[in-house]
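Subject: Structure handover and notes

Dear colleague,

Please find below the structure that I am handing over to you, followed by my notes on it.

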Amino acid sequence: MRIRNPGKIREGLWALGREESRVYLLEGKDESMIVSGGMSYIVPDLLREIEEFAIDEGRIRKILILHSHFDHVGIVPFFKRRHPRIEVLGSKRAWEILQMEKAIETINEFSRDVTKRMGREEVHSKYDLDWRNDVSGTTVSEGDRIDLGGVEISILETPGHSSCSISAYVRQWKALFPSDGGGIPFRETIIPSGNSNYTQFQKSLEKLAALEVEYYCADHYAHVVGDDAREMARRSIEAARRHREEVETVLRSEGDVEKASQKLVRSFYRENPDYFLSPEIFAGVYRQIVRHIANTMADFRPVPTR
């Protein structure tokens, strides 16, 4: 079952935010932690939900960044400035990226672009949401464990969607937090998003498929429970395989990375016009995917330019 509304998932675990941008609150005996950083414009939704669900905001001592893309770190500056003692955790590569001036500019630009697309421009004028150089934190890596007091979160490195992607897993709950390192449960389908290295992305899906999962806590569009959650990793593997075949077919037909990317993006938005990313941002994503796959195809012969 795919659940699109915020609320309590099970004891100690909450889904917060909006359908297109979800974060999770994990409650231990000693403290609470937010997993993933969502999009910046969900801040007022989070503050309202914290109040409605009677969540103790003062117990939130950690935020875990699962990768550094703008739509997964948006709430971090606000909550870190609101509660300076909050510890922000992310991969080594994520912290490298989040210290780059150009990366920060892109995060802020894309955040405002999607905020406008969603008709929520007023949020940025009301709250201090931009990334600046005042946010730093702690590095976590494969095998690390975060203990909230009776709730232990394990870190897995799952690159491919981005070079800095990690996933989180709570074995006692069989709860997986793959971010976009797993398939995105959009509507009734699964969108594979192997942005930076599609081959690594597929290997990471195989890694996630080895876990026992009752709660598949995705960052976009839904959290998945029960039988559907148990099947998400396997189905994501199959969706990624089919998608890669489609990209290869279009590349052979077009003979050009840019033309293939444009054709695939147009096709995607004909079928999914309300997807949260703007076509311009999504086109950049597709170029990365198509370029990587083209470089792995022994039979791909680019059409000579004139």
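The notes below cover the sheet, the salt bridges, and the pocket and cavity.

This is a predicted model, in which local features need a pLDDT of at least 70 and side-chain atom pairs count only at pLDDT 80 or more, whereas totals for chains, interfaces and linings use all residues. Residues are numbered from 1 along each chain as its sequence is written, and side-chain values use heavy atoms, with hydrogens and water left out.

The sheet

Helices and strands are taken as DSSP runs, numbered from the N terminus (H or I with at least four residues for a helix, E with at least two for a strand). Seven strands form an open sheet of mixed pairing, in the order β2-β3-β4-β5-β6-β7-β8, where two strands count as paired if DSSP finds at least two bridges between them. At its edges lie β2 (7-10) and β8, each of which pairs on one side only.

Within this sheet, strand β5 (residues 32-35) pairs with β6 in the parallel sense over four bridges, and the bridge partner of Ile 34 is Ile 63 in β6. The pairing of β6 with β7 is likewise in the parallel sense, over three bridges. Two helices connect these strands in right-handed β-α-β units, one made of β5, α1 and β6 and another of β6, α2 and β7; right-handed here means that, with the strands pointing away from the viewer, the path from the first strand over the helix to the second runs clockwise. Four of the five residues of β6 are buried, so this strand is largely enclosed by the rest of the structure; buried stands for under 20% relative accessible area, exposed for over 50%, and partly exposed for the range in between (1.4 Å probe, protein chains only).

Salt bridges

A search of the whole structure finds 29 salt bridges, each defined as a side-chain nitrogen of Lys or Arg within 4 Å of a carboxyl oxygen of Asp or Glu.

One of them belongs to the strands just described: Lys 62 forms a salt bridge with Glu 87, with the closest N and O atoms 3.8 Å apart. Since Lys 62 lies in strand β6 (residues 60-64) and Glu 87 in strand β7 (residues 87-90), the pair ties together parts that are 25 residues apart in sequence. Lys 62 also stands opposite Glu 87 in β7. At 13% relative accessibility Lys 62 counts as buried, while Glu 87, with a relative accessible area of 27%, is partly exposed.

A second pair is Arg 81 and Asp 128, whose side chains meet in a salt bridge at 3.1 Å, N to O. Arg 81 lies in helix α2 (residues 76-82) and Asp 128 in the loop between α5 (122-126) and β8 (138-139), so this pair ties together parts that are 47 residues apart in sequence. Both partners are partly exposed, Arg 81 with a relative accessible area of 22% and Asp 128 at 36%.

Salt bridges that share partners also join Arg 18, Glu 20, Asp 45, Arg 48, Glu 52 and Arg 120 into one network. Within that network, the side chains of Arg 48 and Glu 52 meet at 3.6 Å, N to O; both residues lie in helix α1 (residues 43-52), four residues apart, or about one turn of the helix. Arg 48 is partly exposed at 38% relative accessible area, and Glu 52 is exposed at 52%.

Pocket and cavity

Both were sought on a 1 Å grid over the protein atoms alone: a cavity is a set of points where a 1.4 Å probe fits but cannot get out, a pocket is an open set with protein on both sides within 12 Å along at least five of seven lines, and lining residues have an atom within 4 Å of a point. Grid points are joined across faces, edges and corners, and a volume is the space filled by probe spheres set on the points.

The largest pocket holds about 1,000 Å³ of space. Among the 47 residues that line the largest pocket, His 161, Ser 193, Asn 195, Phe 282 and Val 285 are the closest to its centre. The largest share of this lining, eight residues, comes from α9.

The structure holds one cavity of 30 Å³ or more, and the largest cavity has a volume of about 30 Å³. The residues lining the largest cavity include Ser 40, Gly 74, His 124 and Trp 131, and α4 gives the most to that lining, with three residues.

Best regards
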